[in-house]
Structures are given as structure tokens and as C-alpha cells.
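Subject: Structure for you to look at

Hello,

Here is the structure I said I would pass on. My notes on a pocket, some salt bridges and a helix follow below it.

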Amino acid sequence: MKKYFKEFDYPLFITYFLLSVFGLVMIYSAGMMSAVNRNQGEPELFYKKQLLNVSIGLIFFAVGVTIPYKKYAKKRAMQLLIGSTAVLLIAVHFIGVSPGNSGAQSWLDLWKVRFQPSEYAKLTTIICLSVFLANLDKRGTIDSIKSYKPFIFLFAALIFSLYLEPDMGAILLFGTIVLIIILSSNISMKTISKGLILLTPFIIIGVIVAISKGLLTEKRLGRLSAFTNPFEDAENFGLQIINGYYAIGLGGVQGAGLGQSVMKLGYIPEPHTDFILAIISEELGAVGVLIVLGGLGFIVLRAFVIGIRSRDPLARLMAIGIGSWIGVQTFVNIGGLSGLIPLTGVTLPFISYGGTSLVFLSFAMGLLINISMFVKKERKTI
């Protein structure tokens, strides 16, 4: 056991743990009024639920650290990951629920446990795509377009399932993460260009069909309008973005103080979820925001460094995939808050309220540290 923990990546674990605890504190602060006024519960409602989520996340983290990452490359493991993902994503269309005013049937509510299959699918997609590309690399067929037929079929089915929910934020995340992993493999740019050319007609047809079938609903059009100019519809779709701006402006450099936010008092709906960074900015100022971004940036950078240092293609792709997941999700969350991109409802990793996201991100962090330990041992043998 002592030998095992000798290679343990303590800086990575400490950063993950501190971000989770910090998120717990901010959820307590940001979600108090929402818990009482909107959910008719006690002020500690979301805090207690997230405390349970953090505890479960640590268990999943321990599992991720313990299982050697190469175990996922076995045929049975791959079949289990793909099969379970397919079952969950199909089930959500028949017995799924749409909590709050999200408008997306993207949650399963089983045995009083509510979770989001798309969060699990992010993890399995990273693992399975990494295994798939690493195997093609070993066989020397990574530049063969024909070799990608199984992946294209499965990924198209995944995107179609997410569209039916509909969850456009998840589609954006999946597409970007998959692209980063592919670009990080040994595939040539020539093959990537060929693939994009072949996929372009299908993408165009998909967009046309999506629009004709009601992709641009009133809510999405409102979000696009709010993105271009939130002040044109300040009392409806632009309200959340504008109040987010106010929260950031009120915070200044040092903030109003922990628990002293004004905008969480009903001005920002569900401030403990995807707009929690606005409350952090208001209460802790630019200093608090920099601490959060610094921690997340450290995890992303370290994941990429771990991947680059590894001689094993599977370890490299998994590490970069996990880093890109956290990095892209952070960018999409902040982009929506700041008005850089349209709002998608994507949570801030480790900070926003949400059990499914935290639990599977915790597992991913455990897997990343498992890879980190292997890379350290690998480099000692050079």
C-alpha cells in the first residue's frame, strides 16, 4: 500500500478535493433562498444533498484510482460500457423526467435516485474512444477511413439520442471532446480532412431536419436573442444574463463578502446551478473567481501534461480526454454566463450543484490519477 501511494498525484487530488469543498460552501450560500422560496425546504436543503454527492463522489474517486486504466481496454469492459450507456440513453426516452423548467427529458428517476445518463455517457465516450483509437494505432489502421465505421455509427446514435431529449449543450460538449481526442491521436490531418468532407453532407442534412422538426423552439430562439442583446428582452430571456452581469459588477475585486449576495435573492433563478460563478463573483469578487479558474485550469493543464508525457497511446488519449471534458465544460459554462456564447445550462465542474456530474467527474479524476501514477512509473524505467 505504501509503495502504491508513493506515486500518488497529491497535487491533483488536493485540487479536486478543495474545489469540491469550495463548491459545497458556495452551494450553501447561493442556494439558501432558492431552497426556501422556490422549493419550500430548509435553507440547508441543497447543501445537505450536495454533501451526500461529495461523499458518493469520493467513493467513485477511490474506485477510479484503484482499477488500472488498462482494464477498460478489455473486450468485456468495452461491451459493458457501451451496452450500459445505450440502455440508459434509450430508457430516458421512455421513463425519463424533465425536472424544473429545463424542457429536456434527460433525467432518470429510479428508486428515489435521480441521475442524468448523458453525464455517464461523457465518461464512457472518452474511455471507449480512447481504447478504439489506441487499438487502431497498434494495428496500424488509424488512417483507414473504413476502420471508423463502428465509432461513427455509435456516435451518431448518441447524438441522435441527445437531440431527441433535447440536450443541445451536451451535443456541443460531446462533439468538442471527441474532436480534441481525435486530434490528440496519431491520425493524420489528411485522414481527418477526408472524414470531415465525407461527414459534411450528413451534418447539413441533420441540421436541416433538426430545424424543420422544431429545433428552434421559442425558448432556444429567446436564448439566441438574449445572447446577441440580452437588454432587448430584459424581463424574459435576457433577465438571467443581465442579473449575472450585475452580480459580477457588484462583486468588484474583493466581493461583498461570503453570504452577502443580493442577486441570489430571487433575481437569478436557481443560482446554485449553472450561474453559481456569478454568485462567487458577487460575494468573493475577482479573487474568488480566479481561485476557481486557477484550480480548474491546473487540473486541465496537468491532465494534458500527463497525457503528453505518456508513451502509451491509451493513457495519453484518456488523460487528454478527461482534461478536455473539464476544460470544455468550464468554457461553455463561463461562456454562457459572460455572454460569449448562448446559454446552454451546462454546470461548472465540481462547483455547481448536481450529483450526477460530480460523481462521474470524481470517477474521472480517480482514473486520471491512476494514469498519472502509471506515467510516473513508466518514466522511471526510461
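Lining the second largest pocket are 25 residues, and those nearest its centre are I82, C128, P150, L154 and F155. Please keep in mind that this is a predicted model. Three elements each give two or more residues to the lining of this pocket: α4 (75-95), α5 (117-139) and α6 (149-164). Of these, α4 gives the most, with 9 residues. Sorted by class, the lining has 17 nonpolar residues, 6 polar and 2 charged. The volume of the pocket is about 600 Å³.

Next, the salt bridges. The count comes to 5, and I describe some of them here.

D9 and R302 meet through their side chains in a salt bridge, at 2.9 Å from N to O. This pair links distant parts of the chain, with the two positions 293 residues apart: D9 is in the loop between α1 (2-6) and α2 (10-37), while R302 is in helix α11 (residues 276-309). D9 has a relative accessibility of 1%, so it counts as buried. R302 has a relative accessible area of 24% and is therefore partly exposed, as the buried class ends at 20%.

E42 and K48 also form a salt bridge between their side chains, again given as 2.9 Å, N to O. Here E42 is partly exposed, at 36% relative accessible area, and K48 counts as partly exposed as well, at 45%.

The pair E119 and K122 has its salt bridge at 3.0 Å, N to O. Both residues are in helix α5, and because they are 3 residues apart, about one helical turn separates them. In general, an α-helix has 3.6 residues a turn, so residues three or four places apart point the same way. E119 is buried, with 7% relative accessible area, and K122 counts as buried at 5%.

Last, helix α12. What span should its 26 residues have at 1.5 Å a residue? The expected value for residues 313-338 is 38 Å, and the end C-alpha atoms are 36 Å apart, which agrees. Of the 26 residues of α12, 22 are buried, so the helix is largely enclosed by the rest of the structure. After α12 comes G339, which has a positive phi, near 85°.

Regards

Technical notes
Residues are numbered from 1 along each chain as its sequence is written. This is a predicted model: local features need pLDDT of at least 70, side-chain atom pairs count only at pLDDT 80 or more; totals for chains, interfaces and linings use all residues. Side-chain values use heavy atoms; hydrogens and water are left out. Helices (H or I, at least four residues) and strands (E, at least two) are DSSP runs, numbered from the N terminus. The expected span of a helix is 1.5 Å times one less than its number of residues. Buried means under 20% relative accessible area, exposed over 50%, partly exposed in between (1.4 Å probe, protein chains only). On a 1 Å grid over the protein atoms alone, a cavity is a set of points where a 1.4 Å probe fits but cannot get out, and a pocket is an open set with protein on both sides within 12 Å along at least five of seven lines; lining residues have an atom within 4 Å of a point. Grid points are joined across faces, edges and corners, and a volume is the space filled by probe spheres set on the points. Ala, Val, Leu, Ile, Met, Phe, Trp, Tyr, Cys and Pro count as nonpolar, Asp, Glu, Lys and Arg as charged, and the others, Gly among them, as polar. A salt bridge is a side-chain nitrogen of Lys or Arg within 4 Å of a carboxyl oxygen of Asp or Glu.
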